[in-house]
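Reader: I am new to this structure and would like to learn how to read its features one at a time. Could we go through them slowly?

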Amino acid sequence: MRVIDKIRSEKISFSFEVFPPKTADKFESIKNAAEKVGALSPDFMSVTYGAGGGTSEYTVAIAKDLQNKFNIPVLAHLSCISSTKEGVRKQLEAIKAAGIENILALRGDLPQGSEALENWDYRYASELVKEIKDFDPGFCIGGACYPECHPESSSQKKDIENMKKKVDAGCEFLTTQMFFDNNIYWNFLYKVRDAGINVPIVAGIMPVTNVKQVERTLKLSGAQVPLKFKYMVDKFGGNPEAMKQAGIIYATEQIVDLIANGVTAIHLYTMNKADIAEEIKNNLKGILDI
Ligand code: FAD
């Protein structure tokens, strides 16, 4: 079950990201939460991978569980930055043994204080893409992209040139970092196509439904927020129910606008919250089927 077939199909692809547990004691509760998200019949699901490989085995275990239980394609995230070639090969063997055919190939974030990229087995995601292709050319591989530029890049032009290296190495699609202003996506898409990158650019949408999430999310993603987002948080941030509702509506509106203007693949960062994913999916009933 290849994710790219869903992304490229004529029907709009609406997919969900979940995260795995960090520790064994949380495994059952996170698995249950991920299954609730899976029960909403997304077109595919992705499972993140902890920086430094901390949750690697759980990524595969959760992804395998979702694939078997719901018979949907799953995308296992895999990062390479502090891994050896041997470690990555072991991961690839585990992914293959679990029957998973799709990998989101990531560099991962540099451990704090490290600058010695050149001493590592992998410096960039494109090298991981090559490694995966070398291991098994049958894997469907995706990569990450950044409508507001990756924070380490000196310019967006350079960042997009580097993105092209991932695609040339074998990425069949790219999923965006979250963004809260669709104009940022459109401007990015124009430049990406201009640079000769023709793979699908899946729009990653994060519903921000509580005020604590706002600061953390914006700091981690580096995303800019438009005034209407700021006003929403100002007005509803102090009222959890209202903030949840407003965040769901905000994400829904973003998705409606993206689809209305031709985007056919949306990936929702669910944060393992099935109730929020379900409300957004219900809001889109009718729209997703066109
Ligand atoms: P790369 O594509 O390697 O790019 C990293 C930087 O290096 C960029 O600035 C790029 O311009 C530059 N660069 C790339 N190639 C070259 C080159 N050949 N020469 C010079 N410079 C180059 N992190 C996790 O730990 N786990 C996850 O599950 C996870 N999931 C994610 C999902 C999505 C959709 C996104 C958008 C991000 C995700 N991340 C995840 C975060 C990601 O690991 C970080 O953003 C990381 O800093 C960059 O990873 P990358 O794969 O984009 O790196």
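Reader: How are H5 and H6 oriented to each other, roughly parallel or roughly antiparallel?

Author: Keep in mind that this is a predicted model. In general, angles under 35 degrees count as roughly parallel. Here helix H5, residues 125-135, and helix H6, residues 156-169, pack at an angle of about 0°, with their axes 8 Å apart, and H5 and H6 are therefore roughly parallel to each other.

Reader: Which residues in H5 meet residues in H6?

Author: From H5 come Ala125, Ser126, Val129, Lys130 and Lys133, and these meet Lys165, Lys166 and Ala169 in H6. By character, the residues of this contact of H5 with H6 divide into 3 nonpolar, 1 polar and 4 charged.

Reader: Turning to the ligand, how many residues surround the ligand, and which are the closest?

Author: The ligand is surrounded by 25 residues, of which the closest are Tyr49, Asp109, Tyr146, Asp159 and Lys166. The residues of this shell divide into 10 nonpolar, 9 polar and 6 charged.

Reader: Which element gives the most to the shell around the ligand?

Author: That is H6, which gives 4 residues, and Lys166, one of the residues through which H6 meets H5, is also among the residues closest to the ligand.

Reader: Where do polar atoms of the protein lie 3.1 Å or less from atoms of the ligand?

Author: A polar backbone atom of tyrosine 49 is 2.6 Å from a nitrogen atom of the ligand, while an N or O atom in the side chain of histidine 77 is 2.8 Å from an oxygen atom of the ligand. For glycine 108, a backbone N or O atom lies 3.1 Å from a ligand oxygen atom. As for surface, the ligand taken alone exposes 980 Å², and the protein buries 85% of that.

Terms used: Residues are numbered from 1 along each chain as its sequence is written. This is a predicted model: local features need pLDDT of at least 70, side-chain atom pairs count only at pLDDT 80 or more; totals for chains, interfaces and linings use all residues. Side-chain values use heavy atoms; hydrogens and water are left out. Axes are lines fitted to C-alpha atoms, for helices over the stretch in contact, and angles run from 0 to 180 degrees between N-to-C directions. Helices (H or I, at least four residues) and strands (E, at least two) are DSSP runs, numbered from the N terminus. Angles under 35 degrees count as roughly parallel, over 145 as roughly antiparallel, 65 to 115 as roughly perpendicular and the rest as oblique. Contact means heavy atoms within 4.5 Å. Ala, Val, Leu, Ile, Met, Phe, Trp, Tyr, Cys and Pro count as nonpolar, Asp, Glu, Lys and Arg as charged, and the others, Gly among them, as polar. A residue is near a molecule or strand if one of its heavy atoms lies within 4 Å of it. A polar contact is a pair of N or O atoms within 3.5 Å; within protein, one must be able to donate a hydrogen and the other to accept it, and residues adjacent in sequence count only if both atoms are side-chain atoms. Accessible areas come from the Shrake-Rupley method with a 1.4 Å probe; for residues, only the protein chains shown count as cover.
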